[in-house]
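Please look over this protein chain with me. Start with its overall make-up, then turn to single pairs of residues.

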Amino acid sequence: MLERGNCIWDRQPQPAVAALPSCSQLASIPQVLLADNRTSRGREEPQSLRARPPSPPTMAVPAAADECAELQAQELEVVESIYPGFVTRLPAPSSSDSSAASYRLTVPIELPDAQAFALVPDSRYPFSNPPTPTTLTLTHLPPLELFLLLPALYPLAAPPQLTFLRAPFLPARLSAQLRASLAPLLQPPGDSDGVLCQLIEHLRTGEFLPDLLGEDSAAAGQRVLPARGDSLELARVLREWEKREEKGRFDESSFDCGICLSRRKGKACWQLRACGDVFCHDCLSSYFTLSITEGTLYNIACPSPECPLRAKEPTKHPPSALGSEDIARDELEAIVGPSLVERFEKLREKQRLESDPKTTHCPLPHCQAAVPRPPRDPSSSSSSSPTSIDDEVDDGPFRLRVCPSCTFSFCIYCRRSWHGAHAPCPLPATSAFLKKYLALPPGSRERAGMEARYGRKNLERMVRKWEEDEANRRVIEGSTTACPGCGVRAEKSLGCNHMTCARCATHYCHRCSSKLNPREPYKHFNTPRTPCYQQLFDSAEIARAAAAAGEHVGGGGEEADAWADVVDWEVIIGAAWG
């Protein structure tokens, strides 16, 4: 017997099946010669043979061969219908009987339940890596390859011959043990029933594994699988085969898309790794593409409303890199493509920086990149960390900012090029400084001194900028409401007073900026003795709705006035949300 890799090839001559004459040989011998074969040699038959009754006709062997050929064809047809693609007809080897048929059996292993395997290096091979077991939980194993010879008298009088066995995940010694254990299964029962279906089912379901592989003493339920050589390489091969089989099973199944509610084949769908929900690829790609294009990054999650991963409220400070959320980078790239993934990463990093109050922007007009706050040196003499920019102005080294995009170094206080840690800012552009300048009477000595020191044109430019900023601030504060979560101000154009922040997804009231419960946002407007009780819609919205109703009934006139008098909008709205 020759061991080559993890394959076993038997070089020994086969047993007495080869001594039987083939069907073609029996058919070519005249019947008279068969009957007179013993007497034509000049020897007298023994008395015991002459006393026996006449033997059956000599056509019994060819008739049995024909019957066996028909039974083999029927068995192969049944095997092909039950296990399609498992059996392949091969040319008969030149060393074997020409009447024997050669077949290759490719049997993938599909375990009934998931089985844990501990991959350990085989001690018989000195080049194995250190004995650190790799544990895998598998349902599928790579296929076994068997080469069989079916003699002419199979299945009535001769068993099939297993000439070759290959198990890619077993070392050679275990392959030899597996081949020896299959010998009882290759003995036909002597009737028309063959052994191929029983053999294939025995291998396909992995019934041989408990006897072939021992159980790990350190972990109950684990099978010890010796690896010939590198166990990590074997683990990689087994993982890839498991993914391939799971993908094939998924592609052949049918699923209901949670977005378009249509039933699609698995090859046209995508299953999210984190939660296992299935959506058709077109719907999921459109959903994620629209979310990234519009900047609603918190929608990059499972679209199913019932999914527990989708139900959690988006975080105020999202992470800056993919992989820590529900959708991994490689999964999102396979759905929407690399270009949108790059945009998603940039928007997420921008959102993280903008939500941090300690982040500023590069003062250069052509850059304007976000500049994060540098980490404070633990050896700094400052006892407490500053909480705002005003707290940092006197901390010289901490005023330095370096733009990560254009590498421009500037002072966070005066927004000019870095002037050193101990030098004061040349022109501190603060509100107090400008208010002091504007409070001085025109033509006074103090005002003239400030104009001479800093420059009259520079001061006038700063005053214009400050007045413009103050006017903008008053307009923004008068017409917008700040989000209680991130501070972004929003202006309501129309609709109710229930607002949802586009940056941090916080639910809040536009009238009083109170944070609302996302699951019960309208309870705030239905609580008696509160400032916003029955104030879901402002009076302007009610008047606009009344005007729309007037246009609906004819565009105005007495009929519209009568309609407006009849409709009590406050009662209707209060009843709708009460």
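The report below moves from the whole chain to its strands, its charges, its rings and two single residues.

This is a predicted model, in which local features need pLDDT of at least 70, side-chain atom pairs count only at pLDDT 80 or more, and totals for chains, interfaces and linings use all residues. Residues are numbered from 1 along each chain as its sequence is written, and side-chain values use heavy atoms, with hydrogens and water left out.

## The whole chain

The chain has 19 helices and 19 strands. Helices (H or I, at least four residues) and strands (E, at least two) are DSSP runs, numbered from the N terminus. The chain holds 578 residues, and 36% of them count as buried. Buried means under 20% relative accessible area, exposed means over 50%, and partly exposed lies in between (1.4 Å probe, protein chains only). Now take the contacts with a separation of 6 or more: residues 24 or more positions apart account for 54% of them. A contact means heavy atoms within 4.5 Å.

## Strands E4, E5 and E6

Two strands pair if DSSP finds at least two bridges between them. Strand E4 (residues 101-121) pairs with E5 over 14 bridges, in the antiparallel sense. Ala118 stands opposite Thr135 in E5. Strand E5 (residues 134-150) is also joined to E6, by 5 bridges, and these two run antiparallel. Here Phe147 has Phe164 in E6 as its bridge partner.

How much of E5 is buried? The strand is mostly covered, with 14 of its 17 residues buried. Strand E6 (residues 161-166) is mostly covered too, with 5 of its 6 residues buried. In a regular strand the side chains alternate between the two faces of the sheet.

## Salt bridges

A salt bridge is a side-chain nitrogen of Lys or Arg within 4 Å of a carboxyl oxygen of Asp or Glu. The whole structure has 16 of them. The table shows some of these.

| Positive partner | Negative partner | Closest N and O atoms |
|---|---|---|
| Arg263 | Asp256 | 2.9 Å |
| Arg473 | Glu477 | 3.2 Å |
| Lys492 | Asp538 | 2.9 Å |

Look at the surroundings of each pair. Arg263 is exposed, with a relative accessible area of 55%. Arg473 and Glu477 both lie in helix H16 (residues 456-479). They are 4 residues apart, about one turn of the helix. Arg473 is partly exposed at 36% relative accessible area, and Glu477 is partly exposed at 44%.

Lys492 forms its salt bridge with Asp538. Lys492 lies in the loop between strand E17 (489-490) and strand E18 (498-500), and Asp538 in the loop between strand E19 (507-509) and helix H17 (539-553), so the pair ties together parts that are 46 residues apart in sequence. Lys492 counts as buried, at 17% relative accessibility. Elsewhere, salt bridges that share partners join Glu110, Glu201, Arg204 and Arg249 into one network.

## Rings

Rings of Phe, Tyr and Trp (its six-membered ring) pair if their centres lie within 6.5 Å; planes under 30 degrees apart count as stacked, over 60 as edge-to-face and the rest as tilted. The count comes to 5 aromatic pairs. One of them is the stacked pair of Phe408 and Phe410, at 5.9 Å centre to centre and 10° between the planes. Phe410 is buried, with a relative accessible area of 0%.

A ring can also meet a charge. A charge sits over a ring if NZ of Lys or CZ of Arg is within 6 Å of the ring centre and within 35 degrees of the ring normal. Arg447 lies over the face of Tyr437, at 4.6 Å from the ring centre.

## Two single residues

Glu242 is found in helix H8 (residues 231-252). Which side chain of opposite charge is nearest to Glu242? Arg249 is, but it is 7.8 Å away, and Glu242 is buried yet has no salt bridge. For charges, Lys and Arg count as positive and Asp and Glu as negative; His and the chain ends are not counted. Not counting residues up to four places away in sequence, Glu242 touches Leu138, Thr139 and His140.

Thr289 is found in helix H9 (residues 281-294). Thr289 counts as partly exposed, at 25% relative accessibility. Leaving aside neighbours within four places in sequence, Thr289 is in contact with Val336 and Leu340. Thr289 and Gly337 are 48 residues apart along the chain, and their C-alpha atoms are separated by 9.3 Å.
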